[in-house]
Amino acid sequence: MLAVLLVLLVVVLIAGRWQYEGSLVTIMLTAITGLLILGGAAAVLLAAALLRAYWLAGAALVLCAVQVLWLAGSYLRAGEQPVPAGATTIRILSANLLLDNTRIAEQIGVFRESGADLLSLQEVTPEHLAVLMDGGLPSVYPYSVADPLPGFHGSAIFSKRPLADARAFDVSGFPMTTATVTVAGTAVRVVDVHVVAPLSVESVDRWRNQLADLAGMRPDGANRAAVLIGDYNATPDHAALQAMTAAGWRDAATEAGNGFALTYPAKGFPGTPLLRIDHAMVSEPLTVVSARTRDNPGSDHRMLDVVLSVPAAS
């Protein structure tokens, strides 16, 4: 039985790295590939050792090692990275407010104390926006673009710096907000991302199409600095998200070496998030200083707190 389980884990490892995501089931399984492999292989290793099936224990140990080595690149440089000479930093805080959250006023306190220069907010309903405005958020973040909507797809960007080209726009049938902020003379485009969750057969194609559209937003030319930050509803194991890095986007948490920037569910088992589905994808010439998470009162996501350095305009 243990040998059969080990074979199944190897199949999961190969399938996960092959990135077959042709159905709702395989997309869901891919999201927890790392947990399945490490957890299952560790269980086989322990059981085999207790039963003195040493060849099986050795095979399970090799499987654990392969998975750890595969993930190592996301954990090797955790912590603050140096700011390049002459660069200016910008802190962006992303938060999924949660549709039915009754603790928005507490979130305002976190925003105020975060030191963030810009907020990227998802699941912003008209009621949420009213609480944010009445709670004094504009006194700290006087510039904003908001597209509050009933349901899951409202969003808003708040900033301490003036915004240009601030608007809602369509991404494969669903709205997101975008704005451009100038830092040290460099224009940085920010997109507030909220990709539809692949929770049904109908939503899978929309999920895949939205991620493909985001991958294609990488700017070219002189005005190429951009940050796509928010709730992607995809983990680093998903091929659709990996296509973004293949297109030239860089995952801030991976670049900062903080693969532990898990965000969902905020209170998972045992009391900690299990998945990294909130991301900041950045383009050149931005560099990542840090990426970490923060508590997000009343939400099912933790906040994503990213510090980027922006070179002075030439």
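Before we start, one definition: helix axes are lines fitted to C-alpha atoms over the stretch in contact, and angles between N-to-C directions run from 0 to 180 degrees. Keep in mind that this is a predicted model.

**Exercise 1. Find how helices α8 and α9 are oriented to each other, and what their contact is made of.**

Step 1. Locate the helices: α8 covers residues 201-215 and α9 covers residues 239-246.

Step 2. Their angle is about 10°, and the axes lie 9 Å apart.

Step 3. Angles under 35 degrees count as roughly parallel, so α8 is roughly parallel to α9.

Step 4. On the α8 side, W207, L211, L214 and A215 make the contact; A240, L241, A243 and M244 do so from α9.

Step 5. Sort these residues by type: eight are nonpolar, with no polar and no charged ones.

**Exercise 2. Trace the open sheet and find its edge strands.**

Step 1. Follow the six strands in the order β5-β6-β7-β8-β10-β9, where the pairing is mixed.

Step 2. β5 (163-171) and β9 (250-251) each pair on one side only, which makes them the edge strands.

Step 3. Look at one edge: β9 and β10 run antiparallel and are joined by two bridges. Here R250 faces V282 of β10.

Step 4. Now add α8, which lies across β5, β6, β7 and β8 and runs at about 20° to β6.

**Exercise 3. Explore the largest nonpolar core.**

Step 1. Among its 26 residues, I92, V188, V227, I229, L286, V306 and L308 touch the most other members.

Step 2. Elements giving two or more residues include β1 (88-96), β7 (186-194) and β12 (303-310). The top contributor is β12, with four residues.

Step 3. Zoom in on L286: beyond its neighbours within four places in sequence, its contacts include V188, V227, R250 and L308.

Notes. Residues are numbered from 1 along each chain as its sequence is written. This is a predicted model: local features need pLDDT of at least 70, side-chain atom pairs count only at pLDDT 80 or more; totals for chains, interfaces and linings use all residues. Side-chain values use heavy atoms; hydrogens and water are left out. A nonpolar core is a set of buried Ala, Val, Leu, Ile, Met, Phe, Trp, Tyr and Cys residues joined through side-chain atoms within 4.5 Å. Buried means under 20% relative accessible area, exposed over 50%, partly exposed in between (1.4 Å probe, protein chains only). Contact means heavy atoms within 4.5 Å. Angles under 35 degrees count as roughly parallel, over 145 as roughly antiparallel, 65 to 115 as roughly perpendicular and the rest as oblique. Ala, Val, Leu, Ile, Met, Phe, Trp, Tyr, Cys and Pro count as nonpolar, Asp, Glu, Lys and Arg as charged, and the others, Gly among them, as polar. Two strands pair if DSSP finds at least two bridges between them.
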